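Visitor: I am new to this structure and would like a close look at a single part of it. Please take me through the aromatic rings and what surrounds them.

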Amino acid sequence: MASTREVQFNGARLVIGWREMVSFPEWGVMDLPAKNDTGAKTTAMDVANIEKLTGNRVRFDVVLHRTRRHLRKTVTAHIVRTTRVRSSNGHTEERYLVETLMQLGPISKRIEVSLVSRRNMLSRTLIGRSALQEDFLVDARHKYLIRKRTPTRKASPKKPR
């Protein structure tokens, strides 16, 4: 019998968990924990300091760590389009969408990413169904089926001298 990872279903090439580590190699952003959310249409990434530039470009800082928000990577990208997005709490806002290469396990594909502050959200990167379609099947019973998340070490309390 085939393992869960080897099964193809409805054309999906890879079964993934509801959480996985994802990379955006064109931006030099590697191994971000992401929630795979089939209920969300677009992919959303936690960013700060969004600045529209000339030539239909945007500069922003990708927030690399949930609690250490000062750990960031500055990225400049071409704006593919803007869209109105309604968040889970019903609030509607206009967002920039940019395109980049996403790598999840052995699969790389070009996706659109919505730029937004997800500061108050537990999942800082959300992979929506438009990025998941055709290549991935999400098994909601599991997380990190592709690669285990490496736990971040907490700083040891400093001993008084």
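Guide: What follows describes the aromatic rings, the core around them and two backbone angles elsewhere. This is a predicted model, in which local features need pLDDT of at least 70, side-chain atom pairs count only at pLDDT 80 or more, and totals for chains, interfaces and linings use all residues. Residues are numbered from 1 along each chain as its sequence is written, and side-chain values use heavy atoms, with hydrogens and water left out.

The core comes before the rings. A nonpolar core is a set of buried Ala, Val, Leu, Ile, Met, Phe, Trp, Tyr and Cys residues joined through side-chain atoms within 4.5 Å. Buried means under 20% relative accessible area, exposed over 50%, and partly exposed in between, with a 1.4 Å probe and protein chains only. The largest such core has 27 residues, and Phe24, Trp27, Phe60 and Val62 have the most contacts inside it. Strand β8, residues 107-116, gives the most to this core, with 4 residues. Strands (E, at least two residues) are DSSP runs, numbered from the N terminus.

Now the rings. Rings of Phe, Tyr and Trp (its six-membered ring) pair if their centres lie within 6.5 Å; planes under 30 degrees apart count as stacked, over 60 as edge-to-face and the rest as tilted. A search of the whole structure finds 2 aromatic pairs. In one of them, the ring centres of phenylalanine 24 and tryptophan 27 are 5.9 Å apart and the planes are at 25°, so this pair is stacked. Both phenylalanine 24 and tryptophan 27 are buried. Tryptophan 27 also pairs with phenylalanine 60, edge-to-face, at 5.4 Å centre to centre and 75° between the planes. This pair links distant parts of the chain, 33 residues apart: tryptophan 27 is in the loop between β2 (19-24) and β3 (29-36), and phenylalanine 60 is in strand β5 (residues 57-63). Phenylalanine 60 is buried, as is tryptophan 27. Through these ring pairs, Phe24, Trp27 and Phe60 are linked into a cluster.

Leaving aside neighbours within four places in sequence, tryptophan 27 is in contact (heavy atoms within 4.5 Å) with residues including Met45, Phe60, Val62, Lys73 and Val113.

Two backbone angles remain. Aspartate 31, in strand β3, is not a glycine, but its phi is positive, near 55°. Aspartate 31 is partly exposed, with a relative accessible area of 40%. Asparagine 56, also not a glycine, has a positive phi of about 55°. Asparagine 56 sits in the loop between β4 (43-53) and β5 and is partly exposed, with a relative accessible area of 34%.
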